[in-house]
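Here are some short exercises to work through with the model open beside you. Try each task before you read its solution.

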Amino acid sequence: MIPVTWQPHAEQRHAYAGPQVPDGFTVMLLCGLEIEARGGLPKYPHWLWPECPTCRERAGAGSPNQPPSGLVARFDIDLPAYGH
Ligand SMILES: [Zn+2]
C-alpha cells in the first residue's frame with residue numbers, strides 16, 4: 001500500500017500518490033486525471049462523495065494484500081521517445 005492523498009473532484013473522491021501538496025499545484029490522480037490540488041477540508045460535503053473506483057483500487061484501499069507494484073512507474077515512463 002502506498003501513501004496517497006485523497007482529493008475531491010467532480011463529485012468523486014480521487015487520490016494521488018504522496019503527501020498532500022499546497023493548494024494550486026497540479027497533481028496527477030491515480031486514475032490518470034490531472035487536477036488542481038485543493039486543501040483537504042473534511043467538514044465539506046464533497047468528502048461524502050463516493051470514492052473513484054480506479055483511485056481506490058490503485059491506492060490499495062480495501063485490498064491490503066495487493067502490492068502496489070508498477071503504480072508509480074506507470075506515470076513516470078509515459079513519455080514519447082525522442083530522437084527518431
Ligand atoms: Zn480517480
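Three exercises with solutions follow.

The model is predicted: local features need pLDDT of at least 70, side-chain atom pairs count only at pLDDT 80 or more, and totals for chains, interfaces and linings use all residues. Residues are numbered from 1 along each chain as its sequence is written.

**Exercise 1.** Find how strand 1 and strand 2 pair.

Solution. Start with the ranges: strand 1 covers residues 4-9 and strand 2 covers residues 12-17. Strands are DSSP runs of E with at least two residues, helices are runs of H or I with at least four, and both are numbered from the N terminus. Pairing requires at least two bridges found by DSSP. Here the two strands pair in the antiparallel sense over six bridges. Within this pair, T5 stands opposite Y16.

**Exercise 2.** Work out the sign of phi for A10 and for E11, then decide whether each is buried or exposed.

Solution. Most residues other than glycine have a negative phi. A10, however, has a positive phi near 55°, and E11 has one near 65°. Next, count neighbours: a residue is buried with 20 or more other C-beta atoms (placed from the backbone) within 10 Å of its own, exposed with 12 or fewer, and partly exposed in between. A10 is exposed because its count is 11; E11 is exposed because its count is 9.

**Exercise 3.** Locate L33 and classify its exposure.

Solution. L33 lies in the loop between strand 3 (26-28) and strand 4 (34-36). With 17 other C-beta atoms within 10 Å, L33 is partly exposed.
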